[in-house]
Amino acid sequence: MPAADHFRITASALKHWAIAQLQDSLAVGLLWLIGLWIIRVPWAPLWAVLAAVLQIIPHFGPILGLLGPVLSAALRWQDWQHPFYVLILYAVIVVVDGFLLQPYIMRRVARVPIWASIFVPIVLGFVIPFWGFLLAPPLLAVVYAYKARQAGNL
């Protein structure tokens with residue numbers, strides 16, 4: 001296979017992965033907006049947009065997106081309950097995103113099976129700590145793009 005074909009397949013797979021990542025970020029931002037409105041956290045739209053933008057940064061982005069709503073809830077109500085509600089909302093969003101949204105979006109956009117989207121990052125996280133989690137989604141997109149091309153040639 002010529003190098004141009006390798007470049008085209010890899011670039012297409014990474015483009016599909018980037019689209020999936022953008023869709024995931026938008027979905028997480030919407031979940032934050034709905035949850036923060038239910039909890040009545042001040043500046044909910046700002047925090048939701050910030051969380052959606054920060055979602056692109058693996059591992060640290062979601063945590064950074066949590067800081068604003070927690071501080072806003074703490075300053076507004078000056079109690080421990082409302083910031084705790086924001087922490088519960090964060091936990092729910094992380095679980096829904098990690099086990100439902102990301103695998104579904106990766107399957108739909110990048111043609112990566114749901115089981116691979118869940119288990120490969122975990123396995124690579126143990127094999128290559130930190131970098132495994134970071135590299136797993138785009139790597140899966142490229143591997144399954146090559147697999148689809150090979151299946152089309154048979």
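This report describes the two largest pockets of a predicted model.

The largest pocket encloses about 890 Å³ of space. Its lining comprises 33 residues, and those nearest the centre are Gln 55, His 59, Asp 97, Gly 98 and Gln 102. Four elements each give two or more residues to this lining: helix 1 (3-39), helix 4 (81-110), helix 5 (114-127) and helix 6 (131-153). Helix 4 provides the largest share, with eleven residues. In terms of residue class, 25 of the lining residues are nonpolar, six are polar and two are charged.

For the second largest pocket, the volume is about 180 Å³. The residues that line this pocket include Arg 8, Ile 9, Ser 12, Ala 13 and His 16, together with Val 109, Ala 110 and Arg 111. Ala 141, Tyr 144, Ala 145 and Ala 148 also belong to the lining of the second largest pocket. At least two lining residues come from each of helix 1, helix 4 and helix 6. Here the largest share, five residues, is that of helix 1. The class composition of this lining is eight nonpolar, two polar and two charged residues.

The table sets out the two pockets side by side.

| Pocket | Volume | Largest share of the lining | Lining by class |
|---|---|---|---|
| Largest pocket | about 890 Å³ | helix 4, eleven residues | 25 nonpolar, six polar, two charged residues |
| Second largest pocket | about 180 Å³ | helix 1, five residues | eight nonpolar, two polar, two charged residues |

Key:
Residues are numbered from 1 along each chain as its sequence is written. This is a predicted model: local features need pLDDT of at least 70, side-chain atom pairs count only at pLDDT 80 or more; totals for chains, interfaces and linings use all residues. Side-chain values use heavy atoms; hydrogens and water are left out. On a 1 Å grid over the protein atoms alone, a cavity is a set of points where a 1.4 Å probe fits but cannot get out, and a pocket is an open set with protein on both sides within 12 Å along at least five of seven lines; lining residues have an atom within 4 Å of a point. Grid points are joined across faces, edges and corners, and a volume is the space filled by probe spheres set on the points. Ala, Val, Leu, Ile, Met, Phe, Trp, Tyr, Cys and Pro count as nonpolar, Asp, Glu, Lys and Arg as charged, and the others, Gly among them, as polar.
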